[in-house]
Amino acid sequence: MSTKQIKDSFYIKLAYQQAEINIGSTGSNPSVGAVVVKNNSIISSGYTSLNGRPHAESNALKNKLNYKKSDFYVTLEPCSHYGKTPPCTKKIISKKINRVVFSINDIDLRSKNKASKKLSKKKIKIKKLPSNNFAKNFYQSYFIQPTNELPFIDGKLAVSKDFLTIRKKNRWITNYKSRKVANFLRSKYDCLLTTSKTVNEDNPLLNCRVEGLESKSPDLIILDNLLNVKQNSLIFKKNKRKIYILTNVDNFSKERYLKNKGVKIIKLKKTNNHLTDLKNIFYVIKKIGLNRILVETGVTFLDQLIKHGLIKNFYLFKSSVNLGTKGLNNTNPVYLKKINFSKKNIIKVNLKEDILYKVKI
């Protein structure tokens, strides 16, 4: 690999670190990162704003700097069309950028494969890096949006060392540090799916309780077939995000109460096929406009999602403590136990004695 290739790879990695900041919080727009380099020094950077605008390119080029003859590194092909904002290629041209390096093409047909042509006309050099799995995986949830595929679904669970998920006399399975990381993890999704059973038993907040990330708490979907969710649950108090309840029944008085709390009720059509019903839940969520879903439920529902291959990545927070008779499971997590949680799947983060695994399903 040449020196130039090494530099390009290094700066694109930095651009992805920028893109990572708001992933899950940019609405229907992709989370993009950008880095501007001049005379071998970074002079500016940017990422897509919350809810998708301004774009990363605009944020990286908004400062009162001399961008002339600089190199512009961006994770995704810059947009070339007029939408709610002018095209990013126009901004790049206006700043007299010398060279643009991007990682992967956009899938939006209004821009796909068009940046190179527009920029080249203005004598701006452009380079697309060879496709790699990291880029494809990073934008997987965005690439799924216009397709008929299910949305991007990940799962999370906390267990004891002996694989129990309920502690009889204490709410928490894992330690304080694990819970902080779990809160941070939520900020990377635009939707959190739980069940009324989880809400009723644990009375959780299911938000991002990390300083600076409070505004990035994902929208909440509660799967509640019989509309059993308790009206005095904490998640309905001082709520600043969208909450949806998916149900199969009518309960007009309860629906009226929940709607007054800002909750939207969506009725599901039930079939006689369990897998069809499971998939329909996620198609309904996708239709709402939510595409990055983190499932936080009890082991029963998660085990079914794993059985049917509906989860892409699974996060397991594992305590160092055996609960024995002090803990239990509501069901035997047959398919969850088949996942190979090996050392190679450990995420290196300081959780004291706890361990965090991330496994592709």
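How many bridges pair S6 with S12, and in which sense, parallel or antiparallel? The answer is four, in the parallel sense, and the legends below start from that pairing. Keep in mind that this is a predicted model.

**View 1. Strand S12 sits between S8 and S6 in an open sheet of eight strands.**
Reading across this sheet, the order is S11-S10-S9-S8-S12-S6-S13-S15, and the pairing is mixed. S11 (263-267) and S15 are the edge strands; each has a single partner strand, so one side of each has no neighbour in the sheet. On average, neighbouring strands here are turned by 20 degrees against each other, ignoring direction. On the S6 side of S12, Gly 155 has Val 295 as its bridge partner. On the S8 side, the pairing with S12 is again parallel, this time over three bridges, and Cys 191 stands opposite Ile 293. One strand further along, S8 and S9 (residues 219-223) pair in the parallel sense over five bridges, with Thr 194 opposite Ile 222 of S9.

**View 2. The side chains of S12 point two ways, and both sets are buried.**
In a regular strand, side chains alternate between the two faces of the sheet. Take S12: Arg 292 and Leu 294 go one way, Ile 293 and Val 295 the other, and all are buried. Two helices can be shown along with this strand. H7 packs on the sheet and touches S6, S8, S12, S13 and S15, its direction making about 160 degrees with that of S13. H11 (residues 299-307) lies across S6, S8, S9, S12 and S13, at about 135 degrees to S6.

**View 3. Helix H7 (residues 176-186) has its buried residues covered by strands, among them S6 and S8.**
The residues to pick out are Ser 178, Val 181, Ala 182, Asn 183, Leu 185 and Arg 186, the buried ones of this helix. Their cover also includes S12 (292-295), S13 (313-318) and S15 (355-360). At the N-terminal end, Asn 175 does the capping: one of its side-chain oxygens lies 3.1 Å from the backbone nitrogen of Lys 177.

**View 4. Helix H10 (residues 274-288) has the span it should.**
At 1.5 Å a residue, its 15 residues should cover 21 Å, and the end C-alpha atoms are 22 Å apart, which agrees. Asn 273 marks the start of H10, where a side-chain oxygen reaches to within 3.0 Å of the backbone nitrogen of Leu 275. After the helix comes Gly 289, with a positive phi near 110 degrees. An α-helix has 3.6 residues a turn, so residues three or four places apart point the same way. The buried residues of H10 are Asp 277, Leu 278, Ile 281, Phe 282, Val 284, Ile 285 and Lys 286.

**View 5. A second open sheet has five strands, in the order S2-S1-S3-S4-S5.**
Pairing in this sheet is mixed. S2 (41-47) and S5 (125-128) stand at its edges with a single partner strand each, so one side of each is left without a neighbour in the sheet. From one strand to the next, the twist averages 15 degrees. S4 (residues 99-104) and S5 run parallel, joined by four bridges, and Val 101 is partnered by Lys 127 of S5. Helix H1 (residues 3-21) packs on this sheet, touching S1 (33-38), S2, S3, S4 and S5, and its direction makes about 140 degrees with that of S1.

**View 6. Thr 75 belongs to strand S3 (residues 71-76).**
With 0% relative accessibility, Thr 75 counts as buried. Its side chain makes a polar contact of 2.6 Å with that of Tyr 139. Leaving aside neighbours within four places in sequence, its other contacts include Ala 15, Tyr 16, Ala 19, Val 32, Phe 102 and Ile 104.

**View 7. Cys 79 and Cys 88 do not form a disulfide.**
The sulfur of Cys 79 has that of Cys 88 as its closest cysteine sulfur, 3.5 Å away, which is too far for a bond; the cut-off is 2.5 Å. Both cysteines can be called buried, Cys 79 with a relative accessible area of 9% and Cys 88 at 1% relative accessibility. By this rule, the disulfide count comes to zero.

Note on methods
Residues numbered from 1 in each chain as written. Predicted model: local features only at pLDDT ≥ 70, side-chain atom pairs only at ≥ 80, totals over all residues. Heavy atoms only, no water. Buried < 20%, exposed > 50% of the residue type's maximum accessible area, 1.4 Å probe, protein only. Polar contact = N/O pair within 3.5 Å; in protein donor to acceptor, adjacent residues only side chain to side chain. Contact = heavy atoms within 4.5 Å. Pairing = 2+ DSSP bridges. Axes fitted to C-alpha atoms, helices over the stretch in contact; angles between N-to-C directions. Expected span 1.5 Å × (residues − 1).
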